[in-house]
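Trainee: Could you pick one pairing between strands and go through it closely with me? After that, keep going and connect it to whatever else seems worth a look.

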Amino acid sequence: MGGRVADLGGGVRLSEGWNLVLTEAGTGILPSDVSLTSGFIPAPVPGTVAEALEKAGRFDRAKPQPLHDRDAWYICRLVDAEAGDAILRLEGLATLCEVFLNGQKILTSNSMFEAHDIDVTLVGGDELALCFRALEPKLSEPGPRARWRPQMITPQGLRMVRTTLLGHMPGWCPEVQAVGPWRPVSLLRPVAPVIRDLSLRPDLLENGEGRLYASLSIEGDVEGLVLKCGEAEQAFEKSGAGRHTAILKIPDVAPWWPHTHGVPQLHDVALVVDGVEYALGRTGFRRLSVDRGADGQDFALIVNGERIFCRGAVWTTADIVRLPGGRDDYESWLRLAAQAGMNMIRIGGTMAYETPEFFRLCDELGLLVWQDFMLANFDYPKNDAAFNAHVEAEVSELLNRTRLSPSLAILCGGSEIHQQAAMMGLPERFRASPIVEEIIPPLVQSLRPDVPYVVNSPSGGAMPFSPNAGVTHYYGVGAYMRPLADARRADVRFAAESLAFAHVPQARTLARHLPVPAVHSPLWKERVPRDRGASWDFEDVRDHYLKELYGFEPNRLRREDPDLYLNLSRAVTGEVTEETYAEWRRHGSGCNGALVWTLQDLLPGAGWGVIDSTGEPKPVWYGLRRAFRPVQVLLMDEGTNGLDVHVINEGDAALELTLEVSCLRDGRQKVVGGDSELSIGPRSKQKIACTDLFGAFFDTTYAFRFGPPSHDVTVARLTARESGAVIAEAFHFPLGRAKAFHDAEITASVLREGEEWFLDLRSDRLAQLVQIDFEAYRAEDDWFHLSPGVTRQVRLYPRVGTAVETVPTGQVRAVGSRRVIEV
């Protein structure tokens, strides 16, 4: 009987005893051709050639050498493997690989994204060898003529090879080329009864009933076969073709929600075979759909019948050298994403597939996953049967590996294929890509009918990248340096990527990992992303908005006050993203979601990531955390229509809140103010004119200019009515931010409550962009505005290795003041 064997816990990973040597391309045909004196080095498996070389001190990720011009031999003596029949499972080989057992070739693999099961007979003391052939000759082979050639990816031969584009996008990421057994190598010893082709799929019906569909094949005699989910059980029944099926039903099941909108409820799943229980993982029940609107131009994700505003970031990789796939590799990144209030992570088509551990963490954390298939920008071949078979295999494997994951929310045919063709001037009839339009959709419908499919990102408008229809990649605010008002003018429906900037890391990261003059140093500039061939980089984009928001000429400020320049550079991208998301989330907005480009950097420096490569959140991360609050207050400048307050409640319970709005002169003296008690229902928004709170006209936006300005900041504060706890604040600067810089006098003290430490802050007037710099602790919030006259309490999280008894010490500063507060 064929089919993939289910690993019910009997597999053994072959992770020890591997050695690696690089040889000239094509000089060794068999393992015996490789001399034992060739200079082998220990090699981690799963792992990459770059990782092994880095551990041996022979590779620098900041200045990587090419790896596609040589053959890489991994050789391991299976000293602990007993003789007998087994299954050799290879879960990922990058990229052209020949597998030898005892000198005999047993597999040739031509895709980084396919797994292989090979029936083998071991004799004891066996030698397993993996030869990763040089990819460079393959990339130089001519393929069928392409209708367009993307400039951002090099070389063009990559369109014919199933491998990651990471390492092949100059100006985007380090040119670290992926070579090696990047996913686990295991030995399985199946014993009867053998389970094959195990298929599981959860579903949530509109009446609240959860269902788990299961099917499998069995070799061997079985008395009892039961599917369990939580406390519910369902026996399997025999169906045709030797299959067994079960449909387990759970009435009124607790559903899975993205964490911003509810509880990501998970349920244990197990298979019971003749009384022996085998854990299969956990699953959640949720119902997904996409609302395209009456005109077919909209794009909104519906989860369990509720419209979700999706916000988050595009994933790159946990480590550009290792390309790891373990829970520990993913966890810190994804927890920071959830802590920032993100509810969606996109894995783009220029990256690589992640392991089931990634999805399990997203399941637990309540993070939706937008999954591109690894196709991007190229004009992929139309009628290449072998290429299409590789794509079909990788798609099927991904969908089967993630069968239990409720976090998988969108499947997408890839990134910027249609956009690339359109931007090259091709008419619509020449942009078709059969792979994403004809080959992938039936597989998705068959294997994951519960997950909506998007043909490509972006797609849907008059042009594939038009922001006012379907899915877009929005860089009006950002790379194209449009005014902030463009976020409304563009009428963005859903941005699968947006808001790319060269985000400056915290000072502690630069001091440890990039201690060079900002901007001027060539090493600094090497780390700043740019589009290949462009005359500008994303630092120029950031400088544009620094001038726009603060009025300083960046070049002059950098010379005359480099510290202020660097601090404003850290702050400005957070301020821009906060304002842009406020526009997209306000009452009346047609936007249904937007993801920033990207979640993490690949090297220390001013990269696209909102978290630096060491795992430290950048200042922009804190801005996003404030922008993404599920319960939120916003201030929107409507010109001569005045200043509107928007209150958002994404939760599933009604809230009793108090709203206060104050206009302050010199950042401290209240000129006018008002408050209101609000009852806001679940999943709802309210809009309130400030003049309704004040009870009379007041030029809150300073649009009429009947006289000199009477205030420099408006503060909106949302508190819980019963407890008085501050939930959210918003700030509006009618004269611009620089006019509201004040030499604020801040008092700071730390206190301990149980096992937790807190920092209490209080200011005599508005303090903009308050920075908390503690060596042993990271603040829950940072680079925020501090309102006058109220105490702000900030939780402090101990850094790795910090004992709870360690008293937090450090400094507090605010932009606009030279004061340094020692704590």
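Mentor: Sure, let's start with one residue pair: Leu759 sits opposite Val794 in E42. Keep in mind that this is a predicted model. The pairing behind that contact is between strand E38 (residues 756–763) and strand E42 (residues 792–798), which run antiparallel and are joined by five bridges. Strands in a sheet pair through backbone hydrogen bonds, in either a parallel or an antiparallel sense.

Now zoom out a little. E38 and E42 belong to an open sheet of four strands, in the order E37-E38-E42-E40, and the pairing is antiparallel. Strand E37 (746–753) and strand E40 (777–779) are the edges, each pairing on one side only. From one strand to the next, the twist averages 30 degrees.

While you're in this stretch of the chain, have a look at Leu769, which lies in strand E39 (residues 767–774). Leu769 isn't a glycine, yet its phi is positive, about 55 degrees. It's buried too, at a relative accessible area of 1%. Tyr702 is another non-glycine with a positive phi, near 50 degrees, but you'll find it in the loop between helix H15 (690–694) and strand E35 (713–720). Tyr702 has a relative accessible area of 13%, and because the cut-off for buried is under 20%, Tyr702 counts as buried.

For another strand pairing, go to strand E5 (residues 84–90). Five of its seven residues are buried, so the rest of the structure largely encloses E5. E5 pairs with strand E8 (residues 116–122) in the antiparallel sense, over seven bridges, and there Leu88 has Ile118 as its bridge partner in E8. E5 is also joined to strand E10 (residues 185–188) by four bridges, again antiparallel; Arg89 has Ser186 as its bridge partner in E10.

Follow the chain out of E5 and you come to a backbone detail you'd want to check: a cis peptide bond joins Ala94 and Thr95, with omega about 0 degrees. Thr95 is in the loop between E5 and strand E6 (97–101). There's a cis bond from Ser457 to Pro458 as well, with omega near 5 degrees. Pro458 is in the loop between strand E26 (453–454) and E27.

Pro458 leads us to Thr472, which is found in strand E27 (residues 471–474). Thr472 is buried, with a relative accessible area of 0%. Setting aside neighbours within four places in sequence, Thr472 is in contact with residues including Pro458, Phe465, Pro467, Val492, Phe494 and Glu497.

What about the rings? A search of the whole structure turns up 28 aromatic pairs. In one of them, the ring centres of Tyr74 and Phe132 are 5.6 Å apart and the planes are at 80 degrees, so the pair is edge-to-face. Tyr74 is in strand E4 (residues 70–78) and Phe132 in strand E9 (residues 126–132), so this pair ties together parts 58 residues apart in sequence. Both partners are buried: Tyr74 has a relative accessible area of 0%, and Phe132 comes in at 1%. Phe358 and Phe359 also form an edge-to-face pair, 5.6 Å centre to centre with 70 degrees between the planes, and both of these residues are buried. Ring pairs also build a cluster out of Trp172, Trp536, Phe538, Trp597 and Trp608.

Some rings have a charge over the face. Arg183 lies over Trp182, 3.8 Å from the ring centre, and Arg683 lies over Trp257, at 4.6 Å.

Last stop, the cysteines. A disulfide is a covalent bond between the sulfur atoms of two cysteines. With a cut-off of 2.5 Å between the sulfurs, the count comes to zero disulfides. For Cys591, the nearest cysteine sulfur is that of Cys310, 9.7 Å away, and Cys591 is buried with a relative accessible area of 6%. For Cys663, the nearest is the sulfur of Cys690, at 6.5 Å, and Cys663 is in no disulfide either. Cys663 counts as buried too, at 0% relative accessibility.

Terms used. Residues numbered from 1 in each chain as written. Predicted model: local features only at pLDDT ≥ 70, side-chain atom pairs only at ≥ 80, totals over all residues. Heavy atoms only, no water. Phe/Tyr/Trp six-rings, centres within 6.5 Å; stacked < 30°, edge-to-face > 60°. Helix = DSSP H or I, 4+ residues; strand = E, 2+ residues; numbered from the N terminus. Buried < 20%, exposed > 50% of the residue type's maximum accessible area, 1.4 Å probe, protein only. Lys NZ or Arg CZ within 6 Å of the ring centre and 35° of its normal. Pairing = 2+ DSSP bridges. Axes fitted to C-alpha atoms, helices over the stretch in contact; angles between N-to-C directions. Contact = heavy atoms within 4.5 Å.
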